[in-house]
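Dear colleague,

I am passing on the structure below, together with some notes on the ligand site and on the helices beside it. Please read the notes alongside the coordinates.

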Amino acid sequence: MKKIASFTGIFIFCAALSFGCNSKQMALSEKGGIWEVYERECQKCHRANGKGSLIGRIIFKIPDFTNTKWQDNVSDSRLIISVANGKRKMPGYKGKLTNEEIVDLVKICVRSYYPPLDK
Ligand code: HEC
């Protein structure tokens with residue numbers, strides 16, 4: 001009986017933990033503003049954590065937004081052009097999103113995964 005109680009305890013603990021993780025992942029649009037657009041348009045490929053899926057990274061060369069080397073080597077203007085015009089497997093968003101949205105997606109969302117060093 002004691003065993004069952006402790007198993008129940010562990011189960012509830014795990015359920016609470018995974019619920020906690022899920023609600024953390026769902027928080028993107030809760031941040032409001034441009035994050036609602038990221039969640040709607042970008043998250044399916046780039047994921048909430050900005051890393052993209054492993055398979056996506058290997059096959060489609062989805063960049064890992066949390067990679068410092070990558071962040072340091074790409075300029076805002078290049079990323080804005082890529083999102084506007086599309087890049088290989090990524091669709092272009094010019095016309096679908098406003099210019100301001102595209103700029104904010106890069107400057108706020110993409111850069112948030114690793115704040116660029118002051119240069
Ligand atoms: C259909 C999947 C898909 C969607 C949706 C998508 N992307 Fe991408 N994204 C990619 C892929 C694949 C690449 C890698 C392109 C390459 O280098 O070949 C990429 C690359 C990028 C890059 C790097 C571009 C560069 O110049 O290296 C940025 C920034 C980016 N995406 C932002 C976004 C934003 C912002 C959105 C939402 C508006 C978005 N992506 C939606 C698949 C996607």
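Helices here are DSSP runs of H or I with at least four residues, numbered from the N terminus. This is a predicted model, in which local features need pLDDT of at least 70 and side-chain atom pairs count only at pLDDT 80 or more, while totals for chains, interfaces and linings use all residues. Residues are numbered from 1 along each chain as its sequence is written.

The ligand is surrounded by 22 residues (C-beta atom, placed from the backbone, within 6 Å of it), of which Cys42, Cys45, Ser82, Arg88 and Met90 are the closest. At least two residues of this shell come from each of α3 (34–46), α6 (76–85) and α7 (99–112), and α3 gives the most, with five. By class, the shell holds 13 nonpolar, two polar and seven charged residues, where Ala, Val, Leu, Ile, Met, Phe, Trp, Tyr, Cys and Pro count as nonpolar, Asp, Glu, Lys and Arg as charged, and the others, Gly among them, as polar.

Turning to the packing, α3 and α7 lie with their axes 10 Å apart at an angle of about 95 degrees (axes are lines fitted to C-alpha atoms over the stretch in contact, and angles run from 0 to 180 degrees between N-to-C directions). The two helices α3 and α7 are therefore roughly perpendicular, a term that covers 65 to 115 degrees. Their contact (C-beta atoms, placed from the backbone, within 7 Å) involves Ile34, Trp35, Val37, Tyr38 and Cys42 of α3 and Glu101, Asp104, Leu105, Ile108 and Cys109 of α7.

With best wishes

Note on methods: Parallel < 35°, antiparallel > 145°, perpendicular 65-115°, else oblique. Contact = placed C-beta atoms within 7 Å.
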